[in-house]
Amino acid sequence: MDSDNKGRKLFENLNPVQRLKLIDRHVDQLRAASKTMAADGRLDMVEALDDIANDFEANASELAATMIGVDVLVRAAGLMEMVRVLTSGRDEAATVH
């Protein structure tokens, strides 16, 4: 996909410290979304979001330092957009890849 290539280049150009900061932001957003979902009674989403946040935290150093981590960050960008849609309360279609 062309958008994946653009995202890949963006993340490739970040140094590991910048990638770590981005991962921290993703973790914060995932935890905030988890709380929102819990308040809405979406317990299935709470567990999934918490698992992803925990995995990001546990593997942050490796994700920030490797090319595999760049691929994960590209995919995470799509996930973060889906999370924003789900927590916004809007009835927009969200595609999960």
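Of the 97 residues in the chain, 29% count as buried. The model is a predicted one, and its accessible surface comes to about 6,300 Å², with carbon and sulfur atoms holding 53% of that area. As for secondary structure, there are 5 helices and 0 strands, so the pattern along the sequence reads simply α-α-α-α-α. Contacts across the sequence carry a good deal of the fold's bookkeeping: among those with a separation of 6 or more, 64% are between residues 24 or more positions apart.

Helix α5 is a handy place to start. It covers residues 67-88, 22 residues in total, and spans 32 Å from its first C-alpha to its last, close to the 32 Å expected at 1.5 Å a residue. Its buried residues are G69, V70, L73, V74, A76, M80, M82, V83 and V85. Two other helices, α2 and α3, pack against α5.

Take α2 to begin with. This helix, residues 16-39, packs on α5 at an angle of about 30 degrees, and the two axes are 11 Å apart. Angles under 35 degrees count as roughly parallel, and α2 and α5 are therefore roughly parallel to each other. The crossing of α2 past α5 is left-handed. On the α2 side, the residues involved are R19, L22, I23, H26, Q29, L30, A33, T36 and M37; facing them in α5 are V70, L73, A76, L79, M80, V83, R84, L86 and T87.

A few residues at this contact are worth a closer look. R19 sits in helix α2 and, despite being an arginine, counts as buried because its relative accessibility is 6%, under the 20% cut-off. Beyond its neighbours within four places in sequence, R19 contacts V70 and L73, both listed above for α5, and also F11, E12, L14, A64, A65 and T66. One of these partners, A65, is 46 residues away from R19 in sequence, yet the C-alpha atoms of the pair are 8.1 Å apart.

Further along α2 comes H26, which has 7% relative accessibility and so counts as buried too. Setting aside residues up to four places away in sequence, H26 touches F56, L73, A76 and M80. Among these, F56 belongs to the α3 residues that meet α5, while L73, A76 and M80 are on the α5 side of the α2 contact.

M80, in helix α5, returns the contact with H26 and also meets Q29 and L30, again leaving aside neighbours within four places in sequence. With a relative accessibility of 2%, M80 counts as buried. Along the chain, M80 and H26 are 54 residues apart, and their C-alpha atoms are separated by 7.3 Å.

Then there is α3, residues 43-58, which packs with α5 at an angle of about 150 degrees, the axes being 13 Å apart. That makes α3 roughly antiparallel to α5, since angles over 145 degrees fall in that class. Here, too, the crossing is left-handed. M45, L49, I52 and F56 are the α3 residues that make the contact, and their counterparts in α5 are V72, A76, L79, V83 and L86. Several α5 residues turn up in both contacts, including A76, L79, V83 and L86, which meet α2 and also α3.

Note on methods. Residues numbered from 1 in each chain as written. Predicted model: local features only at pLDDT ≥ 70, side-chain atom pairs only at ≥ 80, totals over all residues. Heavy atoms only, no water. Buried < 20%, exposed > 50% of the residue type's maximum accessible area, 1.4 Å probe, protein only. Contact = heavy atoms within 4.5 Å. Areas by Shrake-Rupley, 256 points an atom, 1.4 Å probe, with all protein chains shown as cover. Expected span 1.5 Å × (residues − 1). Axes fitted to C-alpha atoms, helices over the stretch in contact; angles between N-to-C directions. Parallel < 35°, antiparallel > 145°, perpendicular 65-115°, else oblique. Left-handed = near helix turned anticlockwise from the far one by under 90°.
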